[in-house]
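Let's take a walk through a protein chain together. Have the sequence and the 3D view open, and we'll go from a sheet to the odd spots in the backbone.

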Amino acid sequence: MSKKKNKLLKEALLLSSIILTSCGNENTINAEIQAPVFEKVIEAPTFDNNSIKEEPEEIVIEPVIPENEHVDLVMIGDVLVHKPVYTSGIKEDGTYNYDHFFTNIQEDLDEAEIKIVNQETILGGNELGFSSYPCFNSPQEIGVAEANAGFNYILQATNHAMDKNFKAINNTINFWNNYPNITMLGLNSSEEDQEVIHTYTQNGLTIALLNYTYGTNGIPLPSDKPYLVNLLDEEKVTKDILKAKEIADFVVVLPHWGTEYRYTPDSLQEKYTKLFSDLGVDLVIGTHPHVLENIETVTNDEGHEMLVYYSLGNYVSGQTEKDRVVGGMAKVSIEKDYETNETFITEYELDPIVTQQGEYTVYKLEDYNDNLAEQNRIRRQSGCSNFNMDYINNLCTEILGEDFNQETEKVKVKLK
Ligand SMILES: [Zn+2]
């Protein structure tokens with residue numbers, strides 16, 4: 001591009017000198033050669049009638065293309081708030097604090113620009129009372145802890161969104177409205193609100209983020225408010241993704257889908273994966289099955305590649321099976337090349353995490369050990385006495401395959 005521009009500019013300058021000979025209007029010289037991508041202002045040479053015979057000096061133009069823009073994204077799975085999970089944050093003075101959920105991953109969060117958490121249960125307002133399975137309502141102080149940890153995208157399109165009906169959804173929306181730097185995805189206060197495609201922009205690199213759930217546990221959305229929760233609906237999803245493709249360089253879909261406790265995608269996940277891929281989505285990170293599922297790259301007919309994490313499992317929960325305290329933290333590095341105008345993933349990672357039941361804090365597997373495993377309250381559950389590092393490593397290998405490195409205790413794949 002720069003050579004062509006250079007040639008064009010020379011031609012323009014030559015033409016200018018010819019025009020000057022006849023009319024001498026200096027102000028017209030620069031009119032045709034404005035190139036917004038060039039940071040250097042192109043100085044027009046000054047000509048006067050006496051110097052016209054001389055060859056104009058060759059002007060060397062150095063195009064300054066901005067450096068590639070780079071954004072790191074990190075995401076954790078289900079914050080599934082059973083009774084022991086919410087009682088873990090009750091202080092002696094009767095206040096609530098859940099900062100302990102995130103203490104051990106704070107550094108990882110600090111390194112990323114986009115930080116996403118799946119808030120599985122509704123933060124419906126403390127005056128509604130707290131409840132556990134099957135119809136959850138969780139303390140809003142959990143949202144405060146998420147905000148304190150720096151999460152800036154909160155997923156609320158889950159099968160538990162309608163557990164406490166409209167009032168709880170309304171309270172959850174109002175709660176997140178207190179945080180102008182946080183975008184809550186999945187719940188909407190109006191039809192217009194549901195039409196908005198949420199994006200993150202950093203120096204000309206725009207990333208769109210979309211969140212949907214397969215359903216709301218059989219509790220129907222109010223017929224006069226069908227916009228309350230984003231549902232996986234082929235027509236709606238297609239419309240949104242096409243709109244997102246128009247306004248963003250990179251499209252991320254965060255679906256709440258799959259079959260609970262299953263390590264591989266089910267037919268609904270396969271169907272929507274194909275749809276997302278055909279529409280040119282770049283990254284999919286799923287939640288809901290409460291266990292980890294595999295990661296794969298899907299290529300569509302046009303050769304476009306899409307990375308899929310089918311499920312990140314639980315981040316924190318009170319579930320009582322040993323595979324449900326092992327989840328994952330996804331890390332994806334996204335880059336925009338201004339020379340080609342392409343945006344792509346340079347590297348992706350999955351750091352397995354372990355919920356330390358009892359304390360309800362969470363460790364990265366690389367920081368975990370058999371001593372901690374022995375203290376994990378999951379060991380008291382039937383069939384869980386062999387919960388240890390060998391078990392966790394074997395489980396991760398079974399689900400994640402050969403990309404899971406038992407030495408580094410993570411998946412880390414460099415693409416570019
Ligand atoms: Zn769910």
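In which sense do strand 5 and strand 6 pair, and over how many bridges? They pair in the antiparallel sense, over 5 bridges. One spot to look up is Thr-199, whose bridge partner in strand 6 is Ala-208. Keep in mind that this is a predicted model.

**The sheet**

That pair belongs to an open sheet of 6 strands, in the order 5-6-7-8-10-9, with mixed pairing. Strand 5 (198-202) and strand 9 stand at the edges with a single partner strand each, so one side of each has no neighbour in the sheet. On average, neighbouring strands here are turned by 20° against each other, direction ignored. In general, strands of a sheet pair through backbone hydrogen bonds, either parallel or antiparallel.

**Helices across the sheet**

Which strands does helix 7 lie across? Helix 7 lies across strand 5, strand 6 and strand 7 (250-256), and runs at about 170° to strand 6. Then there's helix 8 (residues 267-278), which lies across strand 7, strand 8, strand 9 and strand 10 (305-309). Helix 8 runs at about 145° to strand 10.

**Odd spots in the backbone**

Most residues other than glycine have a negative phi, and most peptide bonds are trans. Now for some spots that go the other way. Here are two residues with a positive phi:

| Residue | Phi | C-beta neighbours within 10 Å |
|---|---|---|
| Asn-217 | about 50° | 13 |
| His-290 | near 65° | 24 |

Asn-217 sits in the loop between strand 6 (205-213) and helix 7 (234-247). Is Asn-217 buried, exposed or partly exposed? It's partly exposed, because it has 13 other C-beta atoms within 10 Å, and the partly exposed class falls between 12 or fewer and 20 or more.

His-290 is in another loop, the one between strand 8 (283-285) and strand 9 (295-299). His-290 counts as buried, because it has 24 C-beta neighbours inside 10 Å.

And the peptide bond? Tyr-133 and Pro-134 are joined by a cis peptide bond, with omega at about 5°. You'll find Pro-134 in the loop between strand 2 (114-118) and helix 4 (141-149).

**Zooming out**

How many helices and strands does the chain have? There are 10 helices and 16 strands. The chain has 416 residues, and 39% of them count as buried. Finally, look at contacts with a separation of 6 or more: 70% of them are between residues 24 or more positions apart.

How values were computed: Residues numbered from 1 in each chain as written. Predicted model: local features only at pLDDT ≥ 70, side-chain atom pairs only at ≥ 80, totals over all residues. Helix = DSSP H or I, 4+ residues; strand = E, 2+ residues; numbered from the N terminus. Contact = placed C-beta atoms within 7 Å. Pairing = 2+ DSSP bridges. Axes fitted to C-alpha atoms, helices over the stretch in contact; angles between N-to-C directions.
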